[in-house]
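Thanks for coming, everyone; today I would like to go through the ligand site and the empty spaces of one structure. Please have the sequence and the model open while I talk.

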Amino acid sequence: MHKLRWGLIGGGEGSQIGFTHRAAAQLEGNFYFDAGALDVDSIKAKKFGKKLGLSEKKSYGSWEEMLEKEKKIKTSERLDLVTVATPNSTHFEITKSFLSEGFNVLCEKPLTMTVTEAQELVKLAKVKSKICAVNYGYTGYPLVRQMRSMVLNGDLGDLRVVFAEFAGGFMADSSDSDNPRVKWRFTAKHAGMAAITIDCGIHALNMACFVTNKKIVKVSSDFFSGIKSRELEDDNLSSFRMEDDVAGRLWTSGLAIGRTHGLTLQVFGSKGGLSWKQEQPNQLFWTPLNESTRIIERGHSSLYPSAQRINKITIGHPEGMIAAFSNIYKDLFENIYARKFGNNPSELSNSYPTVEDGCHSLEIVKAMKNSISLNGSWARV
Ligand SMILES: NC(=O)c1ccc[n+]([C@@H]2O[C@H](COP(=O)([O-])OP(=O)(O)OC[C@H]3O[C@@H](n4cnc5c(N)ncnc54)[C@H](O)[C@@H]3O)[C@@H](O)[C@H]2O)c1
């Protein structure tokens with residue numbers, strides 16, 4: 001089997017998410033790190049690229065230069081996948097430019113700043129017949145895939161309530177609110193429609209949709225800024241309804257001191273309930289109706305094939321975020337490889353988060369903003 005060629009934009013030295021992408025993309029030996037424009041500063045970009053082992057001519061000073069040079073390479077030797085890990089406001093332009101030239105793209109979340117831009121990317125990916133994925137990397141955890149399989153196989157019976165949280169204390173220090181690395185996240189110009197909801201809540205919403213395989217149809221929201229100097233919200237409690245009349249609740253916050261990361265999902269049906277926490281990703285808590293809670297361990301042979309397929313490390317050994325992200329890359333690899341060499345990808349590899357998922361998330365956030373302007377009344381997605 002051949003390796004595929006991979007390029008990275010953003011994720012430069014010291015960035016929050018760059019290391020995870022580089023580690024995850026290469027973890028299973030599927031992708032070869034072939035090109036990059038890793039920093040907004042062209043000198044730093046080239047220097048860091050070379051430090052990571054990129055060749056002189058493939059360590060670019062800007063994404064524009066990377067696109068210009070890479071698009072001239074003959075199709076069979078071109079980059080097979082480009083990851084966009086730059087700040088939010090640049091996602092649309094970079095993703096659109098690479099898709100337009102026929103590259104497959106994995107874009108960081110949020111896909112874009114507006115629903116209109118996201119819809120444009122949905123159309124463009126179709127027209128170009130290219131993969132455009134969005135990095136909801138937490139859906140790559142084996143036990144999140146197990147949750148989805150349990151729900152879709154009816155283990156929980158009729159779904160009733162989904163409770164999604166992404167609430168931590170990471171934005172709670174008011175003395176830090178003038179720090180430029182924090183401040184941009186709470187200004188509409190740089191962050192987009194919302195702050196903590198776009199930064200964190202969007203992961204929890206996507207996970208609720210992924211695990212239930214349902215879309216959100218209406219929302220009722222309460223946005224709050226606990227640090228008063230902030231233009232955008234740092235706390236959001238929302239109710240939502242999903243398809244088939246499933247009730248949902250989201251709490252996302254940067255003010256929850258004492259909670260570290262805070263991404264959790266609970267799903268309750270007529271036959272039982274499931275509970276999973278990102279900080280303890282190798283255990284899933286399953287409580288059948290009228291019975292005691294059991295712990296489902298990642299790596300156990302009784303898991304559904306969706307979870308077994310992406311299990312990497314022996315049961316009982318911690319497997320975390322890098323492995324979860326690498327499972328998104330594994331899905332993408334199988335799909336891109338199949339398209340390139342004409343074989344069929346396994347059905348289970350179609351679990352990666354798509355451009356449509358990225359667009360749906362932004363539609364939900366837009367509806368939340370509408371709900372706020374209606375004093376918290378229900379707003380349709
Ligand atoms: N999926 C997740 O779990 C997750 C987690 C963290 C961040 N993110 C997303 O990843 C993106 C980056 O976040 P971060 O926290 O790493 O940001 P960061 O500010 O720490 O790093 C951004 C990097 O992008 C580079 N950059 C900026 N503009 C560029 C350009 N035009 N061309 C090339 N490089 C450029 C910067 O130099 C820097 O290296 C954001 O969209 C964020 O929402 C996702």
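There are 24 residues around the ligand, and those that come nearest are Gly12, Gln16, Asn88, His91 and Lys109, where a residue is near a molecule if one of its heavy atoms lies within 4 Å of it. I should say straight away that this is a predicted model, in which local features need pLDDT of at least 70 and side-chain atom pairs count only at pLDDT 80 or more, while totals for chains, interfaces and linings use all residues. Residues are numbered from 1 along each chain as its sequence is written, and side-chain values use heavy atoms, with hydrogens and water left out.

By class, the shell around the ligand has ten nonpolar, ten polar and four charged residues; here Ala, Val, Leu, Ile, Met, Phe, Trp, Tyr, Cys and Pro count as nonpolar, Asp, Glu, Lys and Arg as charged, and the others, Gly among them, as polar.

Turning to polar contacts, that is, pairs of N or O atoms within 3.5 Å, an oxygen atom of the ligand lies 3.0 Å from an N or O atom in the side chain of His91. A nitrogen atom of the ligand is 3.0 Å from an N or O atom in the Glu108 side chain, and at Lys109 a polar backbone atom is 2.9 Å from a ligand oxygen. Of the 860 Å² of accessible area that the ligand has on its own, the protein covers 87%, by the Shrake-Rupley method with a 1.4 Å probe.

Which space does the ligand take? The ligand occupies the largest pocket, a pocket being, on a 1 Å grid over the protein atoms alone, an open set of points with protein on both sides within 12 Å along at least five of seven lines, and lining residues having an atom within 4 Å of a point. A molecule sits in a pocket if more than half of its atoms lie within 2 Å of its grid points.

The volume of this largest pocket is about 1500 Å³, and of the 48 residues that line the pocket, Ser15, Gln16, Ala85, Thr86 and Pro87 are the closest to its centre. Helix 2 (42-51) is one of the elements that give two or more residues to this lining, and helix 2 gives the most, with four residues.

Finally, the largest cavity, a set of points where a 1.4 Å probe fits but cannot get out, has a volume of about 50 Å³. Its lining includes Asn88, Trp184 and Arg185.

How values were computed
A polar contact is a pair of N or O atoms within 3.5 Å; within protein, one must be able to donate a hydrogen and the other to accept it, and residues adjacent in sequence count only if both atoms are side-chain atoms. Grid points are joined across faces, edges and corners, and a volume is the space filled by probe spheres set on the points.
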